[in-house]
Amino acid sequence: MRDHRFVILGLLLALLPVGAVRTPAQAPPYGSPGAPPKKGIGDRNERRLFQRFVEDAAISTGGWVELQYRYDNLADGSRHFLGPNVAFKIVNDFEGGLRFGWQDVNPDTGSNESGLSDIDLYGKYRFPGGRSRTAVGALVKLPSADETRGLGSGKLDIEMFAAWGADLEAVSLAANAGIRFNGNPAAPLPATDDSFLVGGAILLPASPRLTFVIEATFETERFEGAGDDARLTLGFQARSRRSHGGLRGGVAVPLSDGAPDYQVIAGAYLTY
C-alpha cells in the first residue's frame with residue numbers, strides 16, 4: 001500500500017490555518033438582534049465538494065452548470081474525462097441533477113478506447129434546519145457506456161445516501177454515507193460487489209470568493225479484486241466578482257491501493 005501519511009500531514013497543516021478567521025470579541029452570537037444576517041450562511045450552498053458533489057447536504061438555490069475535466073493516473077494506465085455536471089432546484093430544499101461526459105481510456109497494454117461515459121441521474125431532499133442540516137437522496141447510473149470497449153459495466157447501478165452539513169463561524173463541515181448496488185456485468189468483465197461509502201470534508205472560506213476544500217472519501221470495492229478506494233482530495237473554489245460562477249480545481253492522492261495513483265480535477269461553473 002502506498003504511504004502518503006507524511007505528505008498529507010504537511011498539506012493539512014499548511015491549509016488548516018486558513019480557516020482560523022478571527023471573530024471580534026464583541027461580535028454578537030448568531031441569532032441575536034445584532035448578529036449578521038442569515039444570508040451569509042446560506043451563501044455557502046454555492047461551495048461544493050469534489051468527489052461527493054452529489055452526496056452532500058448542500059442544495060443549489062437555483063442552478064449549477066459545470067464543465068469538468070478529470071485526469072486519473074492509474075496503476076495500469078490513465079483515463080481522461082470531460083463533461084458537464086448539472087444540478088438544479090426542483091422545489092425548496094429539493095435538488096436534482098445529472099452528470100455524464102466523454103472519456104478516453106489509455107491502458108498500458110492493449111488499445112486506447114474512447115466514448116460516452118455512463119449517465120448519473122440523482123435527486124436529494126434536505127430537511128429544514130439552521131446551521132446544521134441533513135439530506136437524503138438516491139442516484140441511478142444509466143449504462144450508456146460501451147462495456148465491450150472497457151468504458152463501463154453495461155449494467156444499472158443504484159445508490160442511496162444520507163448527508164450532514166454544518167456551517168460554523170470559520171468553517172463548514174460535511175459528512176456522508178451510502179450504499180451502492182452495482183449491477184453484475186457479463187463475462188469477461190469481473191463480477192461486482194455492492195459497495196459502501198463514507199466521506200467527510202472541511203470547507204475553509206479564506207474570503208467571500210475563495211474556499212479551500214479538504215475532502216476524505218472511502219468506498220469498498222465495486223469490482224471483485226479491485227480493492228477499496230480511499231483518497232484525500234485537496235482543492236479550491238474561486239467565485240467570480242459577480243458571483244455567477246467561477247473556477248474549481250483539486251488534486252486527489254491515494255490512501256489505498258484501489259484508488260488512482262493521483263487524480264487532477266479542473267472545472268469552470270456557472271450558477272443561476
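**A walk through the structure, starting at Ser 60**

The side chain of Ser 60 reaches out to the backbone nitrogen of Gly 63, at a distance of 3.2 Å. Keep in mind as you look around that this is a predicted model. That same serine has another backbone partner: a polar atom of the Ser 60 side chain lies 3.3 Å from the backbone nitrogen of Gly 62. If you want to find the spot, look at the loop between helix 2 (39-42) and strand 1 (63-74), where Ser 60 sits. Is Ser 60 buried or exposed? It counts as buried, because its relative accessible area is 3%, and the cut-off for buried is under 20%. Setting aside neighbours within four places in sequence, Ser 60 is in contact with Arg 48, Ala 87, Lys 89 and Glu 95.

Two of those contacts make handy stepping stones, Ala 87 and Arg 48. Ala 87 belongs to the largest nonpolar core, a group of eight residues. Its other members are Phe 53, Val 54, Trp 64, Tyr 122, Leu 139, Phe 161 and Tyr 269. As a general background point, nonpolar side chains in soluble globular proteins tend to be buried together. Now take Phe 53 and see what it touches, leaving out residues up to four places away in sequence. Among its contacts are Trp 64, Ala 87 and Tyr 122, which are also on the list of core members. But Phe 53 touches Arg 48, Asn 85, Lys 124 and Arg 248 as well. So Arg 48 turns up twice on this tour, as a contact of Ser 60 and as a contact of Phe 53; contact here means heavy atoms within 4.5 Å. There is also a second, separate core, made of seven residues, including Phe 50, Ala 174, Ala 201 and Ile 265.

Not every nonpolar residue is tucked away, though. What forms the nonpolar patch on the surface? Val 65, Phe 88, Ile 90, Val 91, Phe 94, Tyr 125, Phe 127, Val 136, Leu 270 and Tyr 272 do, with about 880 Å² of accessible area together. Strand 2 (residues 77-91) gives the most to this patch, with three residues. Val 136 is a patch member from elsewhere, in strand 7 (residues 132-142). It counts as partly exposed because its relative accessibility is 36%.

Just past strand 2 there's a backbone oddity. Most residues other than glycine have a negative phi, and most peptide bonds are trans. Asp 93 goes the other way: it is not a glycine, and yet its phi is positive, at about 65°. You'll find Asp 93 in the loop between strand 2 and strand 3 (94-99), where it is partly exposed at 22% relative accessibility. A peptide bond departs from the trans pattern too: the one from Ala 187 to Pro 188 is cis, with omega near 15°. Pro 188 is in the loop between strand 9 (172-182) and strand 10 (195-205).

On to the charged residues. Side chains of opposite charge can pair when their charged atoms come close. How many salt bridges are counted here? The total is 15. One of them joins Asp 157 to Lys 141, with the closest N and O atoms 3.2 Å apart. This pair ties together distant parts of the chain, with Asp 157 in strand 8 (residues 157-167) and Lys 141 in strand 7, 16 residues apart. Both Asp 157 and Lys 141 are buried. Asp 157 also meets Arg 180 in a salt bridge of 3.3 Å, N to O. Here the link runs between strand 9, home of Arg 180, and strand 8, home of Asp 157, 23 residues apart. Arg 180, like Asp 157, is buried.

Another salt bridge pairs Asp 229 with Arg 231, whose closest N and O atoms are 2.5 Å apart. Asp 229 is partly exposed, at 21% relative accessible area, whereas Arg 231 is buried, at 11%. Salt bridges with shared partners also build one network from Asp 118, Lys 141, Asp 157, Glu 159 and Arg 180.

Arg 231 leads to the last stop, Tyr 262. The two are 31 residues apart in sequence, and their C-alpha atoms are 8.9 Å apart in space. Tyr 262 is in strand 14 (residues 262-271), and it is partly exposed, with 36% relative accessibility. Beyond residues up to four places away in sequence, Tyr 262 touches Tyr 71, Asp 72, Asn 73 and Ala 252.

Notes
Residues numbered from 1 in each chain as written. Predicted model: local features only at pLDDT ≥ 70, side-chain atom pairs only at ≥ 80, totals over all residues. Heavy atoms only, no water. Patch = residues over 30% accessible without salt bridge, like charges linked within 9 Å, V, L, I, M, F, W, Y side chains within 5 Å. Areas by Shrake-Rupley, 256 points an atom, 1.4 Å probe, with all protein chains shown as cover. Salt bridge = Lys/Arg side-chain N within 4 Å of Asp/Glu carboxyl O. Helix = DSSP H or I, 4+ residues; strand = E, 2+ residues; numbered from the N terminus. Buried < 20%, exposed > 50% of the residue type's maximum accessible area, 1.4 Å probe, protein only. Core = buried A, V, L, I, M, F, W, Y, C linked by side-chain atoms within 4.5 Å. Polar contact = N/O pair within 3.5 Å; in protein donor to acceptor, adjacent residues only side chain to side chain.
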